[in-house]
Each structure stands twice: as structure tokens, then as C-alpha cells.
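The paragraphs below walk through a protein structure, beginning with its strands and moving on to its helices, its core and a few residues in loops. Please keep the sequence and the model side by side while reading.

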Amino acid sequence: MTDERRPTLGELAQEVRSKNAGPFWVTMELFMCSAEDYATVADEDFINEEVIARLYELDPADVQIFRIPVLNVVKISFPRPVAQGSLRDRDVHAGQHHVPLAALVPA
């Protein structure tokens with residue numbers, strides 16, 4: 001029996017982070033270490049609007065994905081579930097939104 005556990009996005013990336021993009025949007029960025037890792041993450045069969053929508057319980061039409069090969073970065077933006085600083089806001093700076101994304105495992 002072999003242990004062939006594949007690395008998560010969080011383990012593959014140099015950094016995975018999330019932050020506010022104004023009071024109504026969240027943006028997440030995947031900074032990949034190499035062009036090879038970037039190609040894995042940027043593959044539309046792996047990360048696309050439908051995958052992000054399922055992960056964050058969103059409408060796929062609300063998800064925006066920006067692939068930036070020259071920087072080995074994938075940026076994902078979508079509307080916050082509640083406005084920043086509102087009564088039900090549990091992550092004022094959106095600094096924890098990236099955790100489910102970082103746990104994804106590329107095929």
C-alpha cells in the first residue's frame with residue numbers, strides 16, 4: 001500500500017489569500033510557484049465558475065476568474081454573502097474566505 005496523497009492548492013501555491021474588493025466583493029488570489037503549477041490551477045477543467053459557485057454556494061454568473069500567466073496568478077472574485085461590516089458579517093476583512101479554495105486537490 002502506498003501513500004499517494006496529492007497536494008492541495010494551499011500546499012502547491014506560494015500563497016493563497018483572500019481580501020475585500022470593496023464592501024460588497026471578495027477577491028481571492030492563488031500565487032503559484034512555477035509555470036507548471038500555474039498551468040494546473042489555471043486549467044478551466046479544474047477551476048471554473050461552476051466549481052467556485054459550488055464551493056461558495058453562489059450563482060456561477062456572479063463568479064469572475066482572471067488568469068494571469070505572466071505572474072503565475074489566478075484571481076477569483078465574487079460578491080460577498082453579506083456586506084462588509086454589516087450585522088451578519090463574520091469576516092470583516094474577508095481574510096478567511098480562501099480556506100475552502102486552498103483545500104481543493106488538483107486531479
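The model shown here is a predicted one, and a convenient place to enter it is strand β2, which spans residues 25–32. This strand is mostly covered, with six of its eight residues buried. On one side of the pairing scheme, strand β1 (residues 13–20) runs antiparallel to β2 and is joined to it by seven bridges. Two of the partnerships can be followed by eye: Ala 13 has Met 32 as its bridge partner in β2, and Lys 19 is matched with Thr 27. The hairpin that β1 and β2 form has four residues between the strands, and within this hairpin Gly 22 adopts a positive phi near 90 degrees.

Strand β2 also pairs with β4, again in the antiparallel sense and over seven bridges. In that pairing Val 26 stands opposite Phe 78 of β4, and Phe 78 leads directly to another feature of the model. The structure holds one aromatic pair, formed by Tyr 56 and Phe 78, whose ring centres are 5.0 Å apart and whose planes make an angle of 35 degrees, an arrangement classed as tilted. Because Tyr 56 belongs to helix α3 (residues 49–56) while Phe 78 belongs to strand β4, the pair ties together parts that are 22 residues apart in sequence. Both Tyr 56 and Phe 78 are buried.

Helix α2 (residues 35–42) shows how burial can be arranged around an axis, its buried residues being Asp 37, Tyr 38, Val 41 and Ala 42. These residues cover an arc of only 125 degrees around the axis, and they therefore lie on the same side of α2. An α-helix has 3.6 residues a turn, so residues three or four places apart point the same way. The cover over the buried residues of α2 includes α1 (9–12), β2, β3 and β4.

From there the reader can turn to the nonpolar interior. The largest nonpolar core has 26 residues, and those with the most contacts inside it are Leu 9, Leu 30, Ile 47, Ile 52, Val 74, Ile 76 and Leu 101. The elements that give two or more residues to this core are α1, β1, β2, α2, α3, β4 and α4. Ile 76 serves as one viewpoint within the core: leaving aside residues up to four places away in sequence, Ile 76 touches Val 26, Thr 27, Met 28, Leu 30, Ile 47, Ile 52, Val 63, Gln 64, Ile 65 and Leu 101.

Leu 101, which is found in helix α4, offers a second viewpoint. Its relative accessible area is 0%, and Leu 101 is therefore buried. With residues up to four places away in sequence again left out, the contacts of Leu 101 include Leu 9, Val 16, Met 28, Leu 30, Ile 47, Ile 52, Leu 55, Tyr 56 and Ile 76. Among these, Leu 55 is 46 residues from Leu 101 in sequence, yet the two C-alpha atoms are 7.6 Å apart in space.

The loop between β4 and α4 deserves a separate look, and Arg 80 is one of the residues that lie there. Is Arg 80 buried or exposed? Its relative accessibility is 7%, and because buried means under 20%, Arg 80 counts as buried. The side chain of Arg 80 makes a polar contact of 2.5 Å with the side chain of Asn 20. Apart from residues up to four places away in sequence, Arg 80 touches Asn 20, Pro 23, Phe 24, Trp 25, Val 26, Asp 89, Asp 91, Val 92 and Ala 94.

The last of these contacts, Ala 94, is itself found in the loop between β4 and α4. Ala 94 has a phi near 60 degrees, a positive value in a residue other than glycine, and at 0% relative accessibility Ala 94 counts as buried. Most residues other than glycine have a negative phi. A further residue of this kind is Asn 72, whose phi is about 55 degrees and hence positive although Asn 72 is not a glycine. Asn 72 lies in the loop between β3 (64–68) and β4 (73–79), and with a relative accessible area of 17% Asn 72 is buried.

Key
Residues are numbered from 1 along each chain as its sequence is written. This is a predicted model: local features need pLDDT of at least 70, side-chain atom pairs count only at pLDDT 80 or more; totals for chains, interfaces and linings use all residues. Side-chain values use heavy atoms; hydrogens and water are left out. Buried means under 20% relative accessible area, exposed over 50%, partly exposed in between (1.4 Å probe, protein chains only). A polar contact is a pair of N or O atoms within 3.5 Å; within protein, one must be able to donate a hydrogen and the other to accept it, and residues adjacent in sequence count only if both atoms are side-chain atoms. Contact means heavy atoms within 4.5 Å. Rings of Phe, Tyr and Trp (its six-membered ring) pair if their centres lie within 6.5 Å; planes under 30 degrees apart count as stacked, over 60 as edge-to-face and the rest as tilted. The arc is that of the directions from the helix axis to the C-beta atoms. Two strands pair if DSSP finds at least two bridges between them. A nonpolar core is a set of buried Ala, Val, Leu, Ile, Met, Phe, Trp, Tyr and Cys residues joined through side-chain atoms within 4.5 Å.
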